[in-house]
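Reader: I'm new to reading protein structures. Could you walk me through one and show how each label is earned?

Author: Gladly, let's look at it together.

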Amino acid sequence: PILASAHENGCICLWSIQGNLVKELLPFSKYPSVPLTALCTDISTKMLLAGSKEGHIMRWSIASFLEDPQNSKNKIKEELCWRAHSNEVVDLFHEEEKNVVVTASIDGSVRLWHAMNGYYLGYFGQPRKFDLSDISRSILPCDVNNFPTIIKEESKHMEKKKMFEYPLMLDRDK
């Protein structure tokens, strides 16, 4: 068993139940790291989902890593990132039977997304029924203007590395 914790610096820590740090992850993003505010997995713990203070949802594949965490060939791969809300995500969960992710924001909105591609399916309280069969539609909520990003390459930025300090130096000649 592994325990996952989300942190203010945008890092996810994976712990053994003995309390030992197993792995640290940073989401791959073109944006600076922001505080993570929600975490969940699917029932079979094949994917890890995280929500951020800026309204993003990130999805990692963790199945091979959990089979043998000591094997360095078994990686945790971030697969998808999307903007779900314009404000902080306060909760999320994955409904495995329908393969959807439900997200809730600090603004009171609750939205439904397709888990595999991050496509928007609707919001709770909308006048029409959810159509879970049509996952090819590319619509967005009114306050989100970026489509989901599929992360195809393995990123070296995902594993937290030691930071180096580069002090500013005054060059009087320039």
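Author: Let's begin with a sheet in this predicted model. It is an open sheet of 5 strands, in the order β4-β5-β6-β7-β12, with antiparallel pairing.

Reader: What makes β4 and β12 stand at the edges?

Author: Each of them has a single partner strand, so one side of β4 (36-41) and one side of β12 are left without a neighbour in the sheet.

Reader: How do you know that β7 and β12 pair?

Author: Two strands pair if at least two bridges are found between them. β7 and β12 have 2 bridges, in the antiparallel sense, so they meet that rule. At one place in this pairing, Leu80 has Ile150 in β12 as its bridge partner.

Reader: And what is the pattern along the whole chain?

Author: The chain has 1 helix and 12 strands. Read along the sequence, they follow β-β-β-β-β-β-α-β-β-β-β-β-β.

Reader: Why is the contact between Glu79 and Arg59 called a salt bridge?

Author: The cut-off is 4 Å between a side-chain nitrogen of Lys or Arg and a carboxyl oxygen of Asp or Glu. For Glu79 and Arg59 the N to O distance is 2.9 Å, so the pair is within the limit and earns the name. Glu79 sits in strand β7 and Arg59 in strand β6 (residues 56-61), so this pair links distant parts of the chain, 20 residues apart. By this rule the count comes to 1 salt bridge.

Reader: Which of these two, Glu79 or Arg59, is buried, and how do you know?

Author: Buried means under 20% relative accessible area, and exposed means over 50%. Arg59 is at 5%, so Arg59 counts as buried. Glu79 has 24%, so Glu79 falls in between and is called partly exposed.

Reader: What makes Trp82 and Trp113 an aromatic pair, and why is the pair called tilted?

Author: Ring centres must lie within 6.5 Å, and here they are 6.0 Å apart, so the rings pair. Planes under 30 degrees apart count as stacked and planes over 60 as edge-to-face. The angle between these planes is 50 degrees, so neither of those names fits and the pair is tilted. Trp82 lies in strand β7 (residues 77-83) and Trp113 in strand β10 (residues 110-114), so the pair ties together parts that are 31 residues apart in sequence.

Reader: How do the rings of Trp113 and Tyr120 sit, and what are they called?

Author: Their centres are 5.1 Å apart and their planes are at 55 degrees, so this pair is tilted too. The structure holds 2 aromatic pairs, and Trp82, Trp113 and Tyr120 form one aromatic cluster. Trp82 and Trp113 are both buried, and so is Tyr120.

Reader: What makes Leu132 fit into a surface patch?

Author: A patch residue needs over 30% relative accessible area. Leu132 has 32%, so Leu132 passes that cut-off, and it is partly exposed. Together with Phe124 and Phe130, Leu132 forms a nonpolar patch with about 250 Å² of accessible area. The place of Leu132 is in the loop between β11 (120-123) and β12 (149-150).

Reader: And how much of the whole chain is buried?

Author: Of its 174 residues, 38% count as buried. The chain exposes about 11000 Å², and carbon and sulfur atoms supply 54% of that area.

How values were computed. Residues numbered from 1 in each chain as written. Predicted model: local features only at pLDDT ≥ 70, side-chain atom pairs only at ≥ 80, totals over all residues. Heavy atoms only, no water. Helix = DSSP H or I, 4+ residues; strand = E, 2+ residues; numbered from the N terminus. Buried < 20%, exposed > 50% of the residue type's maximum accessible area, 1.4 Å probe, protein only. Patch = residues over 30% accessible without salt bridge, like charges linked within 9 Å, V, L, I, M, F, W, Y side chains within 5 Å. Areas by Shrake-Rupley, 256 points an atom, 1.4 Å probe, with all protein chains shown as cover.
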